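Take a moment to look over the fold before reading on. We will go from the whole chain to single residues, and then to the empty spaces.

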Amino acid sequence: MTKNEIIQNLRTENRELFHHTINEIKENGDLDIIPLLFDFMEETQNYEFERAIVRLLSDIKQSRFKPVLMERLQKNISPKLRVALLEVVWESDIDFSEYIKFFTELIISEDFKIALEAHTVISNLKYIRLQDAEEALKAVESISPASDKKALIEDILYLLRKRIQSPEEDSPLE
(Lines give C-alpha, C1' and ligand atoms only; values in the text may rest on other atoms or scores of the structure.)
Protein backbone atom coordinates (compact mmCIF):
# COMPACT_ATOMS: atom_id res chain seq x y z
CA MET A 1 0.00 0.00 0.00
CA THR A 2 1.46 3.38 -1.01
CA LYS A 3 1.52 6.41 1.28
CA ASN A 4 -1.14 8.07 -0.88
CA GLU A 5 -3.38 5.02 -0.54
CA ILE A 6 -2.83 4.99 3.21
CA ILE A 7 -3.73 8.67 3.48
CA GLN A 8 -6.82 8.18 1.35
CA ASN A 9 -7.90 5.12 3.33
CA LEU A 10 -7.38 6.87 6.67
CA ARG A 11 -9.59 9.75 5.57
CA THR A 12 -12.45 7.45 4.61
CA GLU A 13 -15.74 7.21 6.47
CA ASN A 14 -15.71 3.48 5.73
CA ARG A 15 -14.89 1.83 9.07
CA GLU A 16 -13.95 -1.48 7.49
CA LEU A 17 -11.49 0.13 5.07
CA PHE A 18 -10.04 2.28 7.85
CA HIS A 19 -9.44 -0.70 10.15
CA HIS A 20 -8.05 -2.76 7.28
CA THR A 21 -5.55 0.07 6.64
CA ILE A 22 -4.59 0.21 10.33
CA ASN A 23 -3.97 -3.55 10.30
CA GLU A 24 -1.90 -3.21 7.12
CA ILE A 25 0.21 -0.50 8.78
CA LYS A 26 0.61 -2.67 11.88
CA GLU A 27 1.79 -5.66 9.87
CA ASN A 28 3.81 -4.00 7.10
CA GLY A 29 4.29 -0.34 7.96
CA ASP A 30 7.53 1.42 8.71
CA LEU A 31 8.32 4.43 10.86
CA ASP A 32 8.12 6.78 7.86
CA ILE A 33 4.33 6.62 8.11
CA ILE A 34 4.26 7.88 11.73
CA PRO A 35 4.18 11.64 10.93
CA LEU A 36 1.18 11.00 8.67
CA LEU A 37 -0.57 9.24 11.54
CA PHE A 38 0.17 12.19 13.84
CA ASP A 39 -1.29 14.57 11.25
CA PHE A 40 -4.37 12.42 10.86
CA MET A 41 -4.89 12.29 14.63
CA GLU A 42 -4.81 16.07 14.75
CA GLU A 43 -7.31 16.42 11.90
CA THR A 44 -9.85 13.69 12.61
CA GLN A 45 -13.10 14.26 14.43
CA ASN A 46 -13.76 10.51 14.54
CA TYR A 47 -13.05 9.33 18.07
CA GLU A 48 -13.04 5.64 17.12
CA PHE A 49 -10.41 6.23 14.43
CA GLU A 50 -8.26 8.34 16.76
CA ARG A 51 -8.37 5.59 19.41
CA ALA A 52 -7.35 2.98 16.83
CA ILE A 53 -4.27 5.02 15.95
CA VAL A 54 -3.39 5.57 19.63
CA ARG A 55 -3.53 1.78 20.14
CA LEU A 56 -1.41 1.21 17.03
CA LEU A 57 1.22 3.72 18.14
CA SER A 58 1.23 2.40 21.71
CA ASP A 59 2.13 -1.06 20.41
CA ILE A 60 5.27 0.09 18.57
CA LYS A 61 8.31 -1.48 20.20
CA GLN A 62 11.09 -0.05 18.01
CA SER A 63 13.39 2.30 19.91
CA ARG A 64 13.60 4.52 16.81
CA PHE A 65 9.98 5.48 17.46
CA LYS A 66 10.84 7.35 20.67
CA PRO A 67 12.64 10.33 19.08
CA VAL A 68 9.95 10.64 16.40
CA LEU A 69 7.23 10.75 19.03
CA MET A 70 9.10 13.09 21.36
CA GLU A 71 10.00 15.47 18.55
CA ARG A 72 6.31 15.91 17.76
CA LEU A 73 5.33 16.16 21.43
CA GLN A 74 7.86 18.94 22.00
CA LYS A 75 6.51 21.02 19.14
CA ASN A 76 3.72 23.55 19.39
CA ILE A 77 0.81 21.18 18.74
CA SER A 78 -2.88 21.21 19.54
CA PRO A 79 -3.94 20.18 23.04
CA LYS A 80 -5.95 17.33 21.49
CA LEU A 81 -2.86 15.84 19.83
CA ARG A 82 -0.66 16.44 22.88
CA VAL A 83 -3.11 14.52 25.10
CA ALA A 84 -3.28 11.63 22.61
CA LEU A 85 0.51 11.44 22.23
CA LEU A 86 1.03 11.53 26.00
CA GLU A 87 -1.36 8.62 26.21
CA VAL A 88 0.79 6.78 23.67
CA VAL A 89 3.84 7.45 25.87
CA TRP A 90 2.34 6.06 29.07
CA GLU A 91 0.82 3.06 27.31
CA SER A 92 4.07 2.23 25.51
CA ASP A 93 6.66 -0.26 26.71
CA ILE A 94 9.43 2.08 25.58
CA ASP A 95 11.44 3.83 28.32
CA PHE A 96 10.86 7.61 28.22
CA SER A 97 12.52 8.36 31.57
CA GLU A 98 15.15 10.68 30.09
CA TYR A 99 12.32 13.09 29.24
CA ILE A 100 11.08 13.48 32.82
CA LYS A 101 11.96 17.18 32.84
CA PHE A 102 9.78 17.75 29.78
CA PHE A 103 6.86 15.86 31.33
CA THR A 104 7.32 17.79 34.58
CA GLU A 105 7.18 21.06 32.65
CA LEU A 106 3.90 19.97 31.08
CA ILE A 107 2.43 19.39 34.53
CA ILE A 108 3.56 22.83 35.63
CA SER A 109 2.65 24.86 32.56
CA GLU A 110 -0.22 23.18 30.71
CA ASP A 111 -3.93 22.85 31.40
CA PHE A 112 -5.33 20.15 33.68
CA LYS A 113 -6.01 17.54 30.98
CA ILE A 114 -2.46 17.67 29.62
CA ALA A 115 -1.04 17.86 33.16
CA LEU A 116 -3.01 14.74 34.10
CA GLU A 117 -1.61 12.81 31.12
CA ALA A 118 1.94 14.00 31.91
CA HIS A 119 1.42 12.96 35.54
CA THR A 120 0.36 9.51 34.34
CA VAL A 121 3.50 9.31 32.20
CA ILE A 122 5.75 10.10 35.18
CA SER A 123 3.81 7.76 37.48
CA ASN A 124 4.31 4.93 34.99
CA LEU A 125 8.04 5.44 34.49
CA LYS A 126 9.85 2.36 35.72
CA TYR A 127 13.13 4.15 36.40
CA ILE A 128 14.27 7.71 36.91
CA ARG A 129 17.92 8.64 37.21
CA LEU A 130 18.69 10.31 40.54
CA GLN A 131 20.02 13.48 38.88
CA ASP A 132 16.90 13.79 36.71
CA ALA A 133 14.66 13.28 39.75
CA GLU A 134 16.51 16.00 41.67
CA GLU A 135 16.24 18.47 38.77
CA ALA A 136 12.55 17.73 38.26
CA LEU A 137 11.92 18.09 42.00
CA LYS A 138 13.58 21.54 42.04
CA ALA A 139 11.40 22.65 39.12
CA VAL A 140 8.19 21.43 40.78
CA GLU A 141 9.07 22.83 44.21
CA SER A 142 9.66 26.28 42.71
CA ILE A 143 6.06 26.77 41.54
CA SER A 144 2.78 27.58 43.19
CA PRO A 145 0.34 25.18 41.55
CA ALA A 146 -3.07 26.18 40.28
CA SER A 147 -5.75 24.80 42.55
CA ASP A 148 -6.98 22.35 39.91
CA LYS A 149 -3.50 20.79 39.66
CA LYS A 150 -2.54 20.86 43.33
CA ALA A 151 -3.13 17.11 43.88
CA LEU A 152 -1.14 16.23 40.74
CA ILE A 153 1.77 18.39 41.87
CA GLU A 154 1.71 16.95 45.39
CA ASP A 155 1.73 13.42 44.03
CA ILE A 156 4.66 14.14 41.70
CA LEU A 157 6.55 15.75 44.58
CA TYR A 158 5.96 12.57 46.60
CA LEU A 159 7.18 10.31 43.76
CA LEU A 160 10.30 12.40 43.13
CA ARG A 161 11.18 12.67 46.83
CA LYS A 162 10.72 8.93 47.19
CA ARG A 163 13.12 8.38 44.27
CA ILE A 164 15.70 10.69 45.82
CA GLN A 165 15.44 8.96 49.20
CA SER A 166 16.32 5.61 47.63
CA PRO A 167 19.30 6.75 45.58
CA GLU A 168 20.48 3.48 44.07
CA GLU A 169 21.12 4.32 40.41
CA ASP A 170 18.14 3.40 38.26
CA SER A 171 16.07 2.20 41.20
CA PRO A 172 12.47 1.39 40.32
CA LEU A 173 9.64 3.77 41.14
CA GLU A 174 7.36 1.60 43.26
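Helices here are DSSP runs of H or I with at least four residues, strands are runs of E with at least two, and both are numbered from the N terminus. Counted that way, the protein chain has 10 helices and 0 strands. Its pattern along the sequence is therefore α-α-α-α-α-α-α-α-α-α. Keep in mind that this is a predicted model.

Start with the chain as a whole. The C-alpha trace spans about 50 × 35 × 25 Å along its principal axes. The chain has 174 residues, and 45% of them are buried. Buried means a relative accessible area under 20%. The chain exposes about 9,500 Å². Carbon and sulfur atoms supply 48% of that exposed area. Now look at who touches whom. Take the contacts with a separation of 6 or more: 69% of them join residues 24 or more positions apart.

Next, find helix α7, residues 100–109. How many of its residues are buried? The count is 7 of 10, so α7 is largely enclosed by the rest of the structure. The buried ones are I100, F102, F103, T104, L106, I107 and I108. What covers them? The cover includes α5 (65–73), α6, α8, α9 (130–141) and α10 (150–165).

Zoom in on F103, which lies in α7. F103 has a relative accessible area of 0%. The cut-off for buried is under 20%, so F103 counts as buried. Set aside its neighbours within four places in sequence. F103 is then in contact with M70, L73, L86, V89, F96, A118, V121 and I122. A distance gives some scale here. F103 and R163 are 60 residues apart along the chain, and their C-alpha atoms are separated by 16 Å.

Move to R82, found in helix α6. Is R82 buried or exposed? Its relative accessibility is 7%, so R82 counts as buried. Again leave out the neighbours within four places in sequence. R82 is in contact with L73, K75, N76, I77, F102, L106, E110 and I114. Two of the buried residues of α7, F102 and L106, appear in that list. R82 and K149 are 67 residues apart in sequence, and 18 Å separates their C-alpha atoms.

Now turn to the aromatic rings. The structure holds 3 aromatic pairs. One of them joins F18 and F40. Their ring centres are 5.9 Å apart. Why is this pair called tilted? Planes under 30 degrees apart count as stacked and those over 60 as edge-to-face, with the rest as tilted. The planes of F18 and F40 meet at 35°, so the pair is tilted. The pair also links distant parts of the chain: F18 is in helix α2 and F40 is in helix α3, 22 residues apart. Both F18 and F40 are buried. A third ring joins in, as ring pairs link F18, F40 and F49 into a cluster.

Stay with F18 for a moment. Its relative accessibility is 0%, so F18 counts as buried. Beyond its neighbours within four places in sequence, F18 is in contact with N9, L10, T12, F40, F49, A52 and I53. F40 and F49, the other members of the ring cluster, are among these contacts. F18 and Q8 are 10 residues apart along the chain, with 9.4 Å between their C-alpha atoms.

Last come the pockets. Rolling a probe the size of a water molecule over the atoms shows where empty space is left. How much space lies in the largest pocket? The value is about 210 Å³. Of the 13 residues that line this pocket, I25, K26, G29, I60 and Q62 are the closest to its centre. Helices α2 (15–28) and α3 (34–43) each supply at least two residues of the lining. By class, the lining has 7 nonpolar, 2 polar and 4 charged residues.

The second largest pocket has a volume of about 150 Å³. Its lining includes V89, W90, F96, V121 and K126. V89, F96 and V121 are also contacts of F103. Helices α6 (79–91) and α8 (112–124) each supply at least two residues of this lining. The residues divide into 6 nonpolar, 2 polar and 3 charged.

Methods
Residues are numbered from 1 along each chain as its sequence is written. This is a predicted model: local features need pLDDT of at least 70, side-chain atom pairs count only at pLDDT 80 or more; totals for chains, interfaces and linings use all residues. Side-chain values use heavy atoms; hydrogens and water are left out. On a 1 Å grid over the protein atoms alone, a cavity is a set of points where a 1.4 Å probe fits but cannot get out, and a pocket is an open set with protein on both sides within 12 Å along at least five of seven lines; lining residues have an atom within 4 Å of a point. Grid points are joined across faces, edges and corners, and a volume is the space filled by probe spheres set on the points. Ala, Val, Leu, Ile, Met, Phe, Trp, Tyr, Cys and Pro count as nonpolar, Asp, Glu, Lys and Arg as charged, and the others, Gly among them, as polar. Buried means under 20% relative accessible area, exposed over 50%, partly exposed in between (1.4 Å probe, protein chains only). Contact means heavy atoms within 4.5 Å. Rings of Phe, Tyr and Trp (its six-membered ring) pair if their centres lie within 6.5 Å; planes under 30 degrees apart count as stacked, over 60 as edge-to-face and the rest as tilted. Accessible areas come from the Shrake-Rupley method with a 1.4 Å probe; for residues, only the protein chains shown count as cover.
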